[in-house]
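Okay, thanks everyone, let me pull this up on the screen. I'll talk through a few spots, and feel free to interrupt.

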Amino acid sequence: MVKVLCFRFLKMEGWWIFSLGFLVGMFLLSEGTVLENDKQALLDFVYQLPHLHPLNWDANSSVCKNWTGVGCNEDGSRVIALRLPGVGFNGPIPNNTLSRLTALQILSLRSNGINGTFPIDFGNLKNLSYLYFHYNNFSGPLPFDFSVWKNLTSLNLSNNRFNGTIPSSISGLSHLTSLNLANNSLSGTIPDLQLPNLQLLNLSHNNLIGTVPKSLQRFPKNVFIGNDVSLLDYPVSNSSVVSLPKQPYPKSKNDGKLSERALLGIIVASSVIGVLGFAFLMVVCCFRRKKEDGLFPGKMEKGDMSPEKAISRSQDANNRLVFFEGCNYAFDLEDLLRASAEVLGKGTFGMAYKAILEDATTVVVKRLKDVGAGKKEFEQQMEVVGSIKHENVVELRAYYYSKDEKLTVSDYFSEGSVAAMLHGKRGENRIPLDWETRLRISIGAARGIARIHAENSGKLVHGNIKSSNIFLNSKQFGCVSDVGLSTIMSSLAHPVARAAGFRAPEITDTRKATQPSDVYSFGVLLLELLTGKSPIHTTNGDEIIHLVRWVHSVVREEWTAEVFDLELLRYPNIEEEMVEMLQIAMSCVVRMPDQRPKMCEVVKMIENVRVRPAGLGNQVSSEGKTESSTPLAAATPVPETQSDSQ
């Protein structure tokens, strides 16, 4: 009896395991099928809609990794973003193509020649959050029911030929923060749009009539100009109008009448003011014309400011950003000009900005200064750098070159640089940088630099390695930015004193970075991670301390324990690892360049630091595998042969 029951139990258990496996397999299969459906929908769209500029949409390549303008969710199972501005599309959007991308959240087809009416089948795109159709030739009425897009956050349909009325259903879009319907042929009255989260509005240059609803009177007048809309009773901000005293002065008997002498005086004064105003206007125009012809019109020093004020539109907007193969970003220079920007910092080679584009894409734009290379040399160096695809090297996404402006575009890292992590404000809320993280920074940065040194037939040099150019990638390993910029800079552009703590001694004389000088700079980075001190810092007595010299002096006096950061002393069983890392750092910062190890050798030395179980945090086995993260000594193979302050 017992045997029979056991047999039945095992039989049932086997059936459940089989069923579970079958369901998991079907789920995975369905996920792949859904992505293939998205891929086919995109191919149908691009095949049926004529376009001037070719797209690298190969049916045999990965839609999520290789297709320009296409973005997928984290697990790569669905297409959630499509950005194709300025591709040269001409014609109506084909039916039953884009509407099959039911997971789509971002759609940008601006600056094309798309015509026809708003696609009726877009009602299938329930997850749509950002829709940009501006600068096309759409016509006909707007969709009657906007409530189907409950997640819609930003809507820009400006500069088309839409007609009809503004649907009141827009009021149901509770997440809407930006609405732009300017430069169309919309008519009728402005509906009472109860949109508490709306921050940007533009209804200008349509055929609207009536008055502005109270719900929209918080926006400036200029968002309604170009319509037959009454603004007589429109409230005006106190900041733009000088308020008059409530109690007027007592009136005289002659109030309302001017004497001939007073009238003559007013006429003469008005004439003089008019002549002076005209002369002043001429001077301003001449000055502005000279400024636009060659001078840089704006400087972004601090705070938030549009890059449009910092990039000369008169000359540069005619050129285009150059994107590298495999980049999924699909914006152009005009997008950067319109983007809101935050200054991240001023570095050796220029100013870095955090730019947030209209579709919420965030990038780092580096505005280079003192570029000594010509256009051909600049482009060749950018192509070399842009070809590097490595998880420990910040990928260069695009660049821009003109006579007056040189820009680079790369990914944004929200956690900030290693310099900020090490030397940020040390208060109660500060999270200390533990030893595990510092090890990951070291091995990641070493692998990245080794890869850089292997590029261009083993001749590429970074030239500006320091903690403000190191970030953490998605696996929390060090990642190197600002690759290869030193080569294209003027030799006199960056004084040695600015980065003296990181620079190798020989650069003082030669002013030319080499791979051995990169090794020296990396050694300084290791010392910085070990000591928690800046490469050049001051004591309480205002004495200037050079980190490398200070470490040498402490080690020479056999006080090695005093070298290490006090924050590291709380972690047990790491003393041997820290001493080994200190020895590696000291070998990198020897004075003679030919006595320094190569970066591929440094990688192996750091990987060998941890060959035994650690005593704290994520335990690391003898095989180099962590229990909760990527192994330090594992696998990004080293080849055999983002801004100074992002």
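I'll go through the sheet, then some salt bridges, then one histidine. Keep in mind that this is a predicted model.

So, the sheet. We have 7 strands in an open sheet, and the pairing is parallel. Reading across, the order is β3-β5-β7-β9-β11-β13-β14. The edges are β3, residues 90–91, and β14, residues 228–230; each has a single partner strand, so one side of each has no neighbour in the sheet. If you want one pairing to look at, take β5, residues 113–116, and β7, residues 137–141: they run parallel and share 2 bridges. Gly116 has Phe138 in β7 as its bridge partner.

Okay, salt bridges. How many are there in the whole structure? The search finds 14. I'll show a few of them.

Take Asp44 and Arg100, whose side chains meet with an N to O distance of 2.9 Å. Asp44 sits in helix α1, residues 2–48, and Arg100 in the loop between β3 and β4, so this pair ties together parts 56 residues apart in sequence. Arg100 is partly exposed, at 28% relative accessible area.

Next, Glu567 and Arg438, at 3.5 Å, N to O. Here the loop between α10 and α11 holds Glu567, while Arg438 belongs to helix α7, so the bridge links parts 129 residues apart in sequence. Are these two buried or exposed? Both are buried.

Then there's Arg596 with Glu506, where the closest N and O atoms are 2.9 Å apart. Both partners are in loops: Arg596 between α11 and α12, Glu506 between β23 and α8, so parts 90 residues apart in sequence get tied together. Arg596 counts as buried because its relative accessibility is 7%, and the cut-off for buried is under 20%. There's also a network: Lys389, Glu395, Arg397 and Asp411 are joined by salt bridges that share partners.

Last stop, His51. You'll find His51 in the loop between α1 and β1, and at 29% relative accessibility His51 counts as partly exposed. Which residues does His51 touch, leaving out those up to four places away in sequence? Val46, Val87, Gly88 and Phe89. A polar atom of the His51 side chain also lies 3.0 Å from the backbone oxygen of Leu49. And from His51 to Asn112 the C-alpha distance is 8.9 Å, with their positions 61 residues apart in sequence.

That's my tour; questions?

How values were computed
Residues are numbered from 1 along each chain as its sequence is written. This is a predicted model: local features need pLDDT of at least 70, side-chain atom pairs count only at pLDDT 80 or more; totals for chains, interfaces and linings use all residues. Side-chain values use heavy atoms; hydrogens and water are left out. Two strands pair if DSSP finds at least two bridges between them. Helices (H or I, at least four residues) and strands (E, at least two) are DSSP runs, numbered from the N terminus. A salt bridge is a side-chain nitrogen of Lys or Arg within 4 Å of a carboxyl oxygen of Asp or Glu. Buried means under 20% relative accessible area, exposed over 50%, partly exposed in between (1.4 Å probe, protein chains only). Contact means heavy atoms within 4.5 Å. A polar contact is a pair of N or O atoms within 3.5 Å; within protein, one must be able to donate a hydrogen and the other to accept it, and residues adjacent in sequence count only if both atoms are side-chain atoms.
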